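Work through the exercises below with the model open beside you. Try each task before you read its solution.

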Amino acid sequence: MDRRHFFRLVGTASGGVVTGACGKRSREILPLLVPEREIVPGEELWRPSVCRECPAGCGVIVRIMEAERVVDTPSGKARERIAAVKKIEGNPLDPVSGGRLCARGQAAVQALYHPDRLRGPMKRVGPRGEGRFEAASWEEALAAVAALLEKALAEPERILWLGPPVAGSRSAAVAAFLAALGAPHAGTVGVSDFTIERRGSELAYGWNGLPVYEIQDADFVLSIGADFLGGWVSPVFYSRRFGQMRQGRPGRRGRLVHAEARFSLTAGAADEWLPVRPGGELALALALGAGLVSEKPAPGDPAAAKLAAAFGAVDVQRAAELAGIPAERIRRTARELVRAERAVVVAGASIVQTNSLEAVLAANLLNWLLGAVGRPGGVLPPAADPLFDASRPRYDRLRGRLESAHVVLLDGANPAYALPASAALLAKAPAVISFSPFLDDSTAFADWILPDHAWLESEGLIAPPVSPSPAVTGSAALVRPLYATRQLEAVLAELAARLGRKLNDAGPAEILERLFEVRKPAGWETAADFRDFCQRQGGWWEAAAAPSPAKAPVSVPDLAPAAFEGDPAQFPLHFLPYPSVQFGDGAGAHLPWLQELPDPVSSAMWSLPVEVDPAAARSLELATGDIVRVVSPRGQLEASVYV
């Protein structure tokens, strides 16, 4: 073998990442017979980005180093030097992550290098739902999908887009694409939209979005239904704040009382757990409101006085029975809230029931009685989203829209898993298009798959749903794509062009320049300078503005129990599904690191057990490790037991 065939020059996988330390040798393909000791190691580089494993939008920094992969060449297999992602950590400049990161963010490396990633476009060759596909070219796939969309343009209101409930440059591109087609707003599915909490905030405070709970400055925190250390809203953000409340103030340690039907991660970390009955959060909040009114002097504000009068009319004994918490214990908790210098109630629905909206509203109203609205150590309004909020996919009439849809476009949404009844609707839809880089329950019903890049291979911006200040976090692409995938925004632009539609869209760089024109941040002379700075630090985070005013409602929800399916004689137990730390709503279950991660509550690995309370376990003669079948009117599953 001569030297000319020994070294074959190719481009690096990510321009500028592999530095000139190795000269041209850093761009060579080396046949597999070359000893490892002859490969000069590359240099480490950290670059900012935004995690997209859940909607929280944590800012991260990514460690990139020189690596290699095996490729096919005309002369046989060879090793190609590439830029590889080695590690992900939180960005210490980011107001959400603050330099911290959860397990799901750490495991995103495996999503990039997962062996089951789709390498390019696929077309269905078997019956819907069987997941049988064959490879296709991008030209063939784009032409076929454009033809399906062109046919659907006769009734554009029947085009249904389902995506993650994330506001950012991606959602803006999708909104622009749907607007160009005349199609309705994008929808979402699953529990990660936190629709209940958003609506409860609007009813209680008049705020649009998720409230920000200042638990780090509180002396007493009562959490009703919100597993904020587990899978609720933004675990990294609230875990940092919880740590500050506990240990960040010398000589001052905040107290946490958590009310939830499940013994969750937050319940385990609390000073006291109030084990409410399933659906009993509303009754508990109303009883606590009555207790607060009896302990506090009548407020002078007329609106607050009417609110106090409404809580004062609650039948505390009846509410305590529905909540499953003794009335005296509820009164004691109310006294502790009143006596605390700074107390706040965190209102959430980690496990959604039919009365969860009323429960979240009632819990939010307790903050009015405590005087916690709009002050430090209380609850603050959502940070204003300067660009993207209008484009965020929303949960809206999902079943009805699926039933009438002519074309269903799936962008990271898995309705067949999150809402199993939708599988039959996907099977009947005239056309289903998926952009998922993996085969999942819903993608198995697709006619065509146009796989997106892994997020580490793509550029993008996200406006985090919970942040102490207005923020836009993101980055350029970190590494060159490993396979023949394409970023969603580029695919939409191509489809719009084929349909003869003008797409008013902009990339992250243009969006940052637009942000400069909208917000006029001090210290920057040009939009280009501001854009470059944001890309270097991983985003733009404005100083916290003055809180927007809130208006207290005068009505309080009625005391009503939750409704459950099934005859209690046949189905005597309650099934409480919840978003987990490892898998969220299930989207992270394909990553080995998350499967191997011991569950923080049960220490289970490779799956989540059915948690059974001790009394039920004794009556059913169950022990930890037993295998059970859980049967409901909707279906059944088998899993191990954790008492």
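**Exercise 1. Find the strand order and the edges of the open sheet that contains E21, E22 and E23.**

Step 1. The order is E21-E23-E22, and the pairing is mixed. Strands (E, at least two residues) and helices (H or I, at least four) are DSSP runs, numbered from the N terminus. Two strands pair if DSSP finds at least two bridges between them.

Step 2. Strand E21 (610–611) and strand E22 (627–632) are the edges, since each pairs on one side only.

Step 3. E21 runs parallel to strand E23 (residues 635–642), with two bridges. Val 610 stands opposite Val 641 in E23.

Two notes on the source. This is a predicted model: local features need pLDDT of at least 70, side-chain atom pairs count only at pLDDT 80 or more, and totals for chains, interfaces and linings use all residues. Residues are numbered from 1 along each chain as its sequence is written, and side-chain values use heavy atoms, leaving out hydrogens and water.

**Exercise 2. Describe the open sheet of E18, E19 and E20, and the helix packed on it.**

Step 1. The order is E18-E19-E20, with antiparallel pairing. Strand E18 (460–462) and strand E20 (539–541) are the edge strands.

Step 2. From one strand to the next, the twist averages 20 degrees.

Step 3. Three bridges link E18 to strand E19 (residues 471–475). Ile 462 stands opposite Thr 473 in E19.

Step 4. Helix H18 (residues 508–519) packs on the sheet and touches E18, E19 and E20. Contact means heavy atoms within 4.5 Å. The direction of H18 makes about 40 degrees with that of E18.

**Exercise 3. Is strand E11 mostly covered or mostly open? Which residue of E11 stands opposite Ile 224?**

Step 1. E11 (residues 255–259) is mostly covered, with four of its five residues buried (under 20% relative accessible area, 1.4 Å probe, protein chains only).

Step 2. Strand E10 (residues 220–224) runs parallel to E11, joined by five bridges. Ala 259 is the residue opposite Ile 224.

**Exercise 4. Classify the crossing of helices H6 and H13.**

Step 1. The axes of H6 (residues 195–205) and H13 (residues 356–370) come within 8 Å and cross at roughly 45 degrees. Axes are lines fitted to C-alpha atoms, for helices over the stretch in contact; angles run from 0 to 180 degrees between N-to-C directions.

Step 2. So H6 is oblique to H13. Angles under 35 degrees count as roughly parallel, over 145 as roughly antiparallel, 65 to 115 as roughly perpendicular, and the rest as oblique.

Conventions
Buried means under 20% relative accessible area, exposed over 50%, partly exposed in between (1.4 Å probe, protein chains only).
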